[in-house]
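Welcome! Please take a moment to look over the sequence and the model, then work through the exercises below at your own pace.

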Amino acid sequence: MNKTIIHSKHEIIPCERCGAAIECKANAYTKCQCSAVQLTINEVQYIAELYDGCLCAKCLFELQQEYREEMGI
């Protein structure tokens with residue numbers, strides 16, 4: 001059995017949408033992987049209606065695209 005151990009001072013949590021392990025840096029938001037996706041306030045509200053917890057950057061990007069398609073942007 002091969003295990004990958006991640007040594008981090010930040011909490012490793014699952015993405016609420018896909019379950020991927022992400023390193024939560026809520027106390028250092030600008031260094032968190034999720035800050036790579038620049039969301040508008042409307043996109044944030046759309047995602048907040050669907051999910052309560054942290055999401056990985058891949059899921060944030062996919063949800064941003066989903067919102068933009070629904071809005072015809």
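Helices (H or I, at least four residues) and strands (E, at least two) are DSSP runs, numbered from the N terminus. With that rule, Glu-43 is placed in helix H1. The model is a predicted one, in which local features need pLDDT of at least 70 and side-chain atom pairs count only at pLDDT 80 or more, while totals for chains, interfaces and linings use all residues. Residues are numbered from 1 along each chain as its sequence is written, and side-chain values use heavy atoms, with hydrogens and water left out.

**Exercise 1. Get an overview of the protein: list its elements and its confidence values.**

Step 1. Start with the elements: there are 2 helices and 2 strands. Reading from the N terminus, their order is β-β-α-α.

Step 2. Turn to pLDDT, the predictor's confidence in each residue, from 0 to 100. Its mean over the protein is 86, and 85% of the residues reach 70 or more. Among the elements, H1 has the highest mean, 97, and strand E2 (residues 21-24) the lowest, 88.

Step 3. Now look at burial, where buried means under 20% relative accessible area, exposed over 50%, and partly exposed in between (1.4 Å probe, protein chains only). The protein has 73 residues, and 29% of them count as buried.

Step 4. Finish with contacts, meaning heavy atoms within 4.5 Å. Taking contacts between residues at least 6 apart in sequence, 43% join residues at least 24 apart.

**Exercise 2. Describe how H1 and H2 pack against each other.**

Step 1. Two packed helices are described by the angle between their axes and the distance between the axes. The axes are lines fitted to C-alpha atoms, for helices over the stretch in contact, and angles run from 0 to 180 degrees between N-to-C directions.

Step 2. Read off both values: helix H1 (residues 41-50) and helix H2 (residues 57-71) meet at an angle of about 110°, and their axes are 10 Å apart. H1 is therefore roughly perpendicular to H2. The cut-offs are under 35 degrees for roughly parallel, over 145 for roughly antiparallel, 65 to 115 for roughly perpendicular, and oblique for the rest.

Step 3. Find the residues that make the contact. H1 supplies Asn-42, Glu-43, Tyr-46, Ile-47 and Leu-50, while H2 supplies Leu-60, Leu-63, Gln-64, Glu-66, Tyr-67, Arg-68 and Glu-70.

Step 4. Sort them by class: 6 are nonpolar, 2 polar and 4 charged. Here Ala, Val, Leu, Ile, Met, Phe, Trp, Tyr, Cys and Pro count as nonpolar, Asp, Glu, Lys and Arg as charged, and the others, Gly among them, as polar.

**Exercise 3. Is Glu-43 buried or exposed, and which residues does Glu-43 touch?**

Step 1. Glu-43 counts as buried because its relative accessibility is 2%.

Step 2. Leaving out residues up to four places away in sequence, Glu-43 touches Gln-38, Gln-64, Tyr-67 and Arg-68.

Step 3. Follow one of these partners, Gln-64. Gln-64 sits in helix H2 and is buried too, at a relative accessible area of 5%.

Step 4. Check the side chains: those of Gln-64 and Glu-43 make a polar contact at 3.1 Å. Such a contact is a pair of N or O atoms within 3.5 Å; within protein, one must be able to donate a hydrogen and the other to accept it, and residues adjacent in sequence count only if both atoms are side-chain atoms.

**Exercise 4. Trace the surroundings of Leu-55 and Leu-60.**

Step 1. Locate both residues. Leu-55 lies in the loop between H1 and H2, whereas Leu-60 belongs to helix H2.

Step 2. Check burial: Leu-55 is buried at 6% relative accessible area, and Leu-60 is buried at 10%.

Step 3. List contacts, not counting residues up to four places away in sequence. Leu-55 touches Cys-15, Glu-16, Arg-17, Ile-22, Gln-33, Cys-34, Ile-47, Leu-60 and Leu-63. For Leu-60, the partners are Cys-34, Val-37, Leu-39, Ile-47 and Leu-55.

Step 4. Compare sequence and space. Leu-55 and Cys-34 are 21 residues apart in sequence, and their C-alpha atoms are 7.2 Å apart. Leu-60 and Ile-47 are 13 residues apart along the chain, with 8.0 Å between their C-alpha atoms.
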